[in-house]
Amino acid sequence: MIKILRYTEYLYLIVCLFSVYRVFTDWSIDKSSAYLFIFFAVVSLGMFFFRRNYRKKFEQRKNDNQ
């Protein structure tokens with residue numbers, strides 16, 4: 001199960017990178033959609049760090065119980 005958690009946290013990082021790419025490509029064309037992708041980038045980066053912290057706590061708790 002821990003491997004699945006590791007993959008999902010990197011999925012959030014990929015979404016963040018894609019959102020940043022879309023911000024740079026859409027900034028001169030449509031700023032309203034660029035702002036939406038800025039929001040997605042910030043939220044997905046926050047979720048990356050949240051999930052990473054959660055996974056590390058879960059691993060540490062599992063190792064302490066053994």
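Modeller: Two rings of Phe, Tyr or Trp (its six-membered ring) form an aromatic pair if their centres lie within 6.5 Å; planes under 30 degrees apart are stacked, those over 60 are edge-to-face, and the rest are tilted. By this rule the count here comes to five aromatic pairs. One of them joins F37 and F40, whose ring centres are 5.9 Å apart and whose planes meet at 75 degrees, an edge-to-face arrangement.

Biologist: On what kind of model do these values rest?

Modeller: The model is predicted: local features need pLDDT of at least 70 and side-chain atom pairs count only at pLDDT 80 or more, while totals for chains, interfaces and linings use all residues. Residues are numbered from 1 along each chain as its sequence is written, and side-chain values use heavy atoms, leaving out hydrogens and water.

Biologist: How many helices and strands does the protein have?

Modeller: Helices (H or I, at least four residues) and strands (E, at least two) are DSSP runs, numbered from the N terminus. This protein has two helices and zero strands. Helix α1 covers residues 2-26 and includes F24. Helix α2 covers residues 31-65, and its end C-alpha atoms are 51 Å apart. That agrees with the expected 51 Å for its 35 residues, since the rule is 1.5 Å times one less than the number of residues. The C-alpha atoms of the whole protein fill a box of roughly 55 × 15 × 10 Å along the principal axes.

Biologist: Which residues of α2 are buried?

Modeller: A residue is buried under 20% relative accessible area, exposed over 50%, and partly exposed in between (1.4 Å probe, protein chains only). In α2 the buried residues are S33, A34, F37, A41, S44, F48 and R55. Of the 66 residues of the protein, 21% count as buried. F24 stands on the other side of the cut-off: its relative accessible area is 66%, so F24 is exposed.

Biologist: How far apart along the chain are F37 and F40?

Modeller: Both residues lie in helix α2, three residues apart, about one turn of the helix. F37 is buried at 13% relative accessible area, whereas F40 is partly exposed at 37%. F40 also pairs with F39: the ring centres are 6.1 Å apart and the planes lie at 50 degrees, so this pair is tilted. Elsewhere, Y10, F48 and F49 form one aromatic cluster.

Biologist: How many salt bridges does a search of the whole structure find?

Modeller: A salt bridge needs a side-chain nitrogen of Lys or Arg within 4 Å of a carboxyl oxygen of Asp or Glu. The search finds three. In one of them, E9 meets R55, with the closest N and O atoms 3.0 Å apart. E9 lies in helix α1 and R55 in helix α2, so the pair ties together parts that are 46 residues apart in sequence. Both E9 and R55 are buried.

Biologist: Which residues are joined with R55 into one network?

Modeller: R55 meets E59 in a salt bridge of 3.1 Å, N to O. These two residues of α2 are four residues apart, about one turn of the helix. R55 is buried, with a relative accessible area of 6%, while E59 is partly exposed at 22%. Shared partners join E9, R55 and E59 into one network.

Biologist: With which residue does D26 form a salt bridge?

Modeller: The partner of D26 is R22, and their closest N and O atoms are 2.9 Å apart. Both lie in helix α1, four residues apart. D26 is buried at 13% relative accessible area, and R22 is partly exposed at 27%.
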